[in-house]
Amino acid sequence: MLAIKSALAHKDSTPLLVFDEIDANVGGEVARAVGFKMQQLGNRHQVISITHFPQVAALASHHYLVQKASAGNRTISCLREVSHEERVDELVRMLGGGGDHARTLAQALLQPS
């Protein structure tokens, strides 16, 4: 779907593209390439992407965290933007850990290529 949308982006007048885990079953450099492709689509369309990959999330112009909590018989969802140091913290969490190495990787992902 990402390849089709990318190929047709210059002819497509749809203002909003939503990708729900378009990066499933990829990782590493492939995930980064998917992120770059979505970033390019974002130059012409508004792109919303649900991802679990820090390589993809770091390329977004805005980063939102969705959190769910159960209260009795209800599930409550919360959406909030993370930025600056909190964004680094979220990328560290997405990398699966903590410590200095994960923080260094998260900060490197946020650096322009």
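This is a guided tour of a predicted model, moving from the whole chain to its largest pocket and then to one helix.

**The whole protein**

Begin with everything selected and coloured by secondary structure, where you can find five helices and four strands. If you follow the chain from the N terminus on, these elements come in the order α-β-α-β-α-β-β-α-α. Turn the model slowly as you look, and keep in mind that its C-alpha atoms fill a box of roughly 45 × 40 × 25 Å, taken along the principal axes. Of the 113 residues, 27% count as buried. When the surface is switched on, its accessible part comes to about 7600 Å², and 54% of this belongs to carbon and sulfur atoms. Among the contacts with a separation of 6 or more, 52% are made by residues 24 or more positions apart in the chain.

**The largest pocket**

Next, select Ser-49, Ala-60, His-62, His-63 and Tyr-64, which are the closest to the centre of the largest pocket among the 26 residues that line it. The space in this pocket is about 890 Å³. Which element gives the most to the lining of the pocket? Colour β2, at residues 46-50, and you have the answer, since this strand gives five residues to the lining, the most of any element. Then add α2 (28-41), α3 (54-57), β3 (63-71) and α4 (84-94), each of which also supplies at least two residues. Colouring the lining by class should show 13 nonpolar, 11 polar and two charged residues.

**Helix α4**

Now keep α4 (84-94) on the screen and select Arg-87, Val-88, Glu-90, Leu-91, Val-92 and Met-94, which are the buried residues of this helix. To see what covers them, show the surrounding elements, which include α3, β3, β4 (74-82) and α5 (99-109). Just after the helix, stop at Gly-96, whose phi is positive, at about 95°.

**Glu-90**

Finally, centre the view on Glu-90, which has its place in helix α4. Is this residue buried or exposed? Glu-90 counts as buried because its relative accessible area is 8%, and the cut-off for buried is under 20%. Show the side chains of Glu-90 and Arg-93 together, and you can trace a polar contact of 2.5 Å that joins them. Then select His-63, Leu-65 and Val-82, which Glu-90 touches when residues up to four places away in sequence are not counted. His-63 brings the tour back to the largest pocket, as this residue is also one of those closest to the pocket's centre.

Definitions and conventions. Residues numbered from 1 in each chain as written. Predicted model: local features only at pLDDT ≥ 70, side-chain atom pairs only at ≥ 80, totals over all residues. Heavy atoms only, no water. 1 Å grid on protein atoms, 1.4 Å probe; cavity = no way out; pocket = protein on both sides within 12 Å on 5 of 7 lines; lining within 4 Å. Points joined across faces, edges and corners; volume = space filled by probe spheres on them. Nonpolar A, V, L, I, M, F, W, Y, C, P; charged D, E, K, R; others polar. Buried < 20%, exposed > 50% of the residue type's maximum accessible area, 1.4 Å probe, protein only. Contact = heavy atoms within 4.5 Å. Polar contact = N/O pair within 3.5 Å; in protein donor to acceptor, adjacent residues only side chain to side chain. Areas by Shrake-Rupley, 256 points an atom, 1.4 Å probe, with all protein chains shown as cover.
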